[in-house]
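The exercises below are meant to be worked through with the sequence and the model side by side. Try each task before reading the solution that follows.

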Amino acid sequence: MLTSVLSALPTAAAMALLCYSPYAVGLWAEGRRLPLVRHAALYTLTGAFLMLFYVTILWTGLPGDLSRVARVLNLMPFAWVTKPYTMGPAYTAAQLLLNIVMFLPFGALLPVAFRRLRRFPAAALACLCLTLAVETAQYFIGRCADVDDVLLNALGGMAGYALFARLQSAFGRSAWFAALCGTAPEDAAAPGATAVVAERW
């Protein structure tokens with residue numbers, strides 16, 4: 001499964017470039033210049049959204065008739081402990097790890113992209129809403145909606161935010177981190193900084 005996900009990365013990177021380019025060109029046309037490091041972060045976030053959509057929605061294909069799909073819902077936390085996946089422990093471990101890893105970019109990059117998400121409660125809520133939206137969509141397309149996926153996704157998002165917070169603590173007053181976050185250097189170290197250069201998010 002991990003091999004299949006990795007093999008999709010080049011396609012996701014190309015699609016992210018296709019999706020992000022109009023925004024970058026629009027900024028350039030308006031005379032708003034973003035630092036390259038910020039463009040890289042926003043482009044990576046775009047790619048993360050596309051990979052999430054592929055892995056969670058398109059992975060097994062969309063059903064032709066949504067009214068006939070079998071809807072599966074698990075509301076028992078840690079059900080995999082007592083009822084492991086039928087494909088064995090290795091698949092179970094890979095599935096659990098993937099659920100954590102695929103939300104790391106959102107916890108780390110959503111605060112970079114949106115100044116309103118630079119405090120932990122806001123970032124955690126955003127990641128929670130994102131995983132709930134994914135599980136809801138999976139329920140209606142015939143894939144299992146699982147509370148464990150929500151918990152693991154949220155854990156991944158919090159781990160990603162911890163990385164952002166660590167970088168902010170270590171490099172918050174540096175010019176490159178300010179450029180990454182789109183803030184003035186003196187504001188970058190403050191959680192929830194509101195001074196934004198060239199953007200209004």
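Helices and strands are here taken as DSSP runs, with at least four residues for a helix and at least two for a strand, and they are numbered from the N terminus. The model is a predicted one.

**Exercise 1. The overall plan**

Describe the order of helices and strands along the protein, and then say how much of the chain is buried.

Solution. Begin with the count, which comes to nine helices and two strands. Next, follow the sequence from its start, where the pattern reads α-α-α-β-α-α-α-α-β-α-α. Then turn to burial: of the 201 residues, 38% count as buried, while the protein exposes about 11,100 Å², of which carbon and sulfur atoms supply 71%. Finally, consider how the chain meets itself: among contacts with a separation of 6 or more, 70% are between residues 24 or more positions apart.

**Exercise 2. Two packed helices**

Work out how helix H7 is placed against H8, and which residues of the two helices meet.

Solution. Start by locating H7 at residues 120-140 and H8 at residues 147-171. The two pack at an angle of about 150°, with their axes 9 Å apart, and H7 passes H8 in a right-handed crossing. From the side of H7, the residues that take part include Phe120, Ala123, Thr131, Glu135 and Gln138, and those they meet in H8 include Asp149, Val150, Met158 and Tyr161.

**Exercise 3. Asp149 and Gln138**

Decide whether Asp149 and Gln138 are buried or exposed, and list what each of them touches beyond its neighbours in sequence.

Solution. Take Asp149, in helix H8, before the other residue. Because its relative accessibility is 8%, which lies under the 20% limit, Asp149 counts as buried. Leaving aside neighbours within four places in sequence, Asp149 is in contact with Asn99, Thr131, Glu135 and Gln138. A further relation across the chain is that to Phe78, which is 71 residues from Asp149 in sequence, although their C-alpha atoms are 9.5 Å apart.

Now take Gln138, which is found in helix H7. Its relative accessible area is 4%, and therefore Gln138 is buried. Outside the span of four places in sequence, Gln138 is in contact with Thr56, Ile57, Arg143, Cys144 and Asp149. The pair Gln138 and Thr56 is 82 residues apart in sequence, with a C-alpha to C-alpha distance of 7.1 Å.

**Exercise 4. Two aromatic residues of H3**

Classify Tyr43 and Phe53 as buried, partly exposed or exposed, and state the surroundings of each.

Solution. Note to begin with that Tyr43 is found in helix H3, which covers residues 36-58 and also holds Phe53. Tyr43 has a relative accessible area of 27%, so Tyr43 is partly exposed. Apart from residues up to four places away in sequence, Tyr43 touches Ala13, Ala16, Leu17 and Tyr20. Cys19 is 24 residues from Tyr43 in sequence, and the two C-alpha atoms are 8.8 Å apart.

For Phe53 the relative accessible area is 43%, and so this residue is likewise classed as partly exposed. Phe53 belongs, together with Tyr54, Leu58 and Leu62, to a nonpolar surface patch of about 360 Å².

**Exercise 5. Salt bridge and burial**

How many salt bridges does a search of the whole structure find, and which side chains meet there?

Solution. The search finds one salt bridge, in which the side chains of Glu30 and Arg32 meet at 2.8 Å, N to O. To describe the setting, take the two partners in turn. Glu30 is exposed because its relative accessible area is 54%, which is over 50%, whereas Arg32, at 28%, counts as partly exposed.

**Exercise 6. A residue of H8**

Is Gln168 buried or exposed, and how far is its C-alpha atom from that of Ala178?

Solution. First place Gln168 in helix H8. Its relative accessibility is 7%, and therefore Gln168 counts as buried. Then compare sequence with space: Gln168 and Ala178 are 10 residues apart along the chain, and their C-alpha atoms are separated by 9.4 Å.

Technical notes
Residues numbered from 1 in each chain as written. Predicted model: local features only at pLDDT ≥ 70, side-chain atom pairs only at ≥ 80, totals over all residues. Heavy atoms only, no water. Buried < 20%, exposed > 50% of the residue type's maximum accessible area, 1.4 Å probe, protein only. Salt bridge = Lys/Arg side-chain N within 4 Å of Asp/Glu carboxyl O. Patch = residues over 30% accessible without salt bridge, like charges linked within 9 Å, V, L, I, M, F, W, Y side chains within 5 Å. Areas by Shrake-Rupley, 256 points an atom, 1.4 Å probe, with all protein chains shown as cover. Contact = heavy atoms within 4.5 Å. Axes fitted to C-alpha atoms, helices over the stretch in contact; angles between N-to-C directions. Left-handed = near helix turned anticlockwise from the far one by under 90°.
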